[in-house]
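Please open the model in your viewer and keep the selection panel at hand. The tour below moves from the whole chain to chosen helices and then to single residues.

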Amino acid sequence: TLYSFLYVLRLNEGSNTGINIDERKKMERENFTIWSIFFLEGFSQYPRLEVVLFVFSLVMYLATLLGNSTLILITILDSRLKTPMYLFLGNLSFMDICYTSASIPTLLVNLLSSQKTIILSGCAVQMYLSLAMGSTECVLLAVMAYDRYVAICNPLRYSIIMNRCVCARMATVSWVTGCLTALLETSLALQIPLCGNLIDHFTCEILAVLKLACTSSLLVNTIMLVVSILLLPIPMLLICISYIFILSTILRISSAEGRNKAFSTCGAHLTVVILYYGAALSMYLKPSSSKAQKIDKIISLLYGVLTPMLNPVIYSLRNKEVKDAMKKLLGKIPLHQTHEHL
């Protein structure tokens with residue numbers, strides 16, 4: 001008999017938290033069960049590695065919060081950074097904070113806990129936030145590529161094309177697209193009957209949850225495929241087209257200084273794109289297997305903690321404006337009245 005984990009378990013959620021391994025296996029053999037609690041396998045097969053992963057994840061999470069919060073702060077406080085690129089960068093930093101905060105705190109608790117559990121509502125929220133922030137970032141990276149295309153290929157009309165109203169609309173479209181597609185995917189995933197409550201992942205990642213499905217749902221699989229294509233290959237194609245035109249324009253610049261400045265403004269964004277889409281494509285557009293699931297957990301961990309931490313670092317290393325703004329924020333240099341930028 002099929003069952004769904006949308007309904008409330010007959011037993012109290014609080015009493016379910018004490019379910020041991022034998023009881024869990026017995027529950028999985030029952031003909032009809034409605035889960036309100038899930039067990040995250042995570043890295044429990046490697047207990048010695050869990051302490052190392054805890055330290056690594058904690059350091060990366062704190063660095064992510066510090067780096068991205070600082071980047072958001074300086075884009076708000078520094079008048080020189082009131083440009084479209086930094087508006088989008090502030091949104092990207094906020095997404096990274098939300099994305100990591102959706103899963104890393106739970107991961108940190110479970111790495112030190114003998115019973116790695118999460119309730120239904122927590123699993124649903126975690127799944128939705130991860131999907132929403134990831135999907136929004138896919139669209140936003142394409143928007144940022146278009147911004148760099150206009151700045152380099154059509155600099156005289158940049159301020160007209162990328163005015164404040166247009167930038168606000170583009171950022172809003174990114175958020176709405178990501179949040180709505182995540183709502184659709186999460187809603188469908190929560191309606192699928194599951195034949196178990198042991199998730200072979202350290203978070204309620206949607207593909208790991210769908211592996212527990214009693215039967216394959218053509219509707220859900222089709223929607224997942226369509227959304228993956230819309231939010232992964234298509235934005236990546238638009239980014240590639242933008243950079244083809246950007247590279248063509250840069251190569252026609254006569255001065256070496258001009259070429260270096262153009263490359264520096266695009267290098268950070270291109271690096272982030274490669275890191276982000278490389279990990280995302282490796283997880284969502286490949287055949288499914290038990291061995292691949294183990295690799296997925298490693299990639300997902302790096303994708304979840306390392307990439308958001310690196311984003312502010314990448315955008316700061318070769319960006320004089322950001323470095324000067326950070327120094328000014330720390331009181332190391334006096335306020336500049338003017339600053340030339342694209």
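Among contacts in the chain between residues at least 6 apart in sequence, what percentage join residues at least 24 apart? The figure is 78%, and it is computed, like every value in this tour, from a model that is predicted.

**The whole chain**

Begin by selecting the full chain and colouring it by secondary structure, which brings up 13 helices and 3 strands. If you then colour by relative accessible area, buried residues account for 48% of the 342 residues in the chain.

**Helix 5 against helix 10**

Next, select helix 5, residues 120-153, together with helix 10, residues 233-251, whose axes lie 9 Å apart and pack at an angle of about 20 degrees. Because angles under 35 degrees count as roughly parallel, helix 5 is described as roughly parallel to helix 10, and the crossing of this pair is left-handed. To see the contact itself, show the side chains of Cys138, Leu141, Ala142, Ala145, Tyr146, Arg148, Tyr149, Ile152 and Cys153 in helix 5, which meet Pro235, Ile239, Ser242, Tyr243, Phe245, Ile246, Thr249 and Ile250 in helix 10. Sorted by class, the residues of this contact comprise 14 nonpolar, 2 polar and 1 charged.

**Helix 5 against helix 7**

Keep helix 5 on display and add helix 7, residues 164-189; the axes of these two helices come within 7 Å and cross at roughly 145 degrees. The crossing of helix 5 and helix 7 is right-handed. On the helix 5 side, the residues to select include Ala124, Met127, Tyr128, Leu131 and Tyr146, while those they meet as a group on the helix 7 side include Met170, Trp175, Gly178, Glu185 and Ala189. The contact of helix 5 with helix 7 divides into 16 nonpolar, 7 polar and 1 charged residues.

Now centre on Ala189, which is found in helix 7. Is Ala189 buried or exposed? Ala189 has a relative accessible area of 0% and is therefore buried. A distance label drawn from the C-alpha of Ala189 to that of Met224 should read 9.9 Å, although the two residues are 35 apart in sequence.

**The nonpolar cores**

Hide the labels and turn to the largest nonpolar core, which has 73 residues, and in which Phe38, Phe88, Leu141, Ile199, Ile239 and Tyr277 have the most contacts. Helix 5 gives the most to this core, contributing 18 residues. Select Ile239 in particular: leaving aside neighbours within four places in sequence, Ile239 is in contact with Leu141, Ala142, Ala145, Val273 and Tyr277. Apart from this core lies another, of 13 residues, with Phe43, Phe54, Tyr61 and Met309 among them.

**Two last residues**

Select Thr307, which lies in helix 12, residues 290-317. Thr307 has a relative accessible area of 8%, so it counts as buried, and, when residues up to four places away in sequence are not counted, Thr307 touches Leu275 and Leu302.

Finish at Leu251, whose place is in helix 10. Leu251 has 58% relative accessibility and therefore counts as exposed. From Leu251, draw a C-alpha to C-alpha distance to Ala262, 11 residues apart along the chain, and the separation is 10.0 Å.

Conventions:
Residues numbered from 1 in each chain as written. Predicted model: local features only at pLDDT ≥ 70, side-chain atom pairs only at ≥ 80, totals over all residues. Heavy atoms only, no water. Axes fitted to C-alpha atoms, helices over the stretch in contact; angles between N-to-C directions. Helix = DSSP H or I, 4+ residues; strand = E, 2+ residues; numbered from the N terminus. Parallel < 35°, antiparallel > 145°, perpendicular 65-115°, else oblique. Left-handed = near helix turned anticlockwise from the far one by under 90°. Contact = heavy atoms within 4.5 Å. Nonpolar A, V, L, I, M, F, W, Y, C, P; charged D, E, K, R; others polar. Buried < 20%, exposed > 50% of the residue type's maximum accessible area, 1.4 Å probe, protein only. Core = buried A, V, L, I, M, F, W, Y, C linked by side-chain atoms within 4.5 Å.
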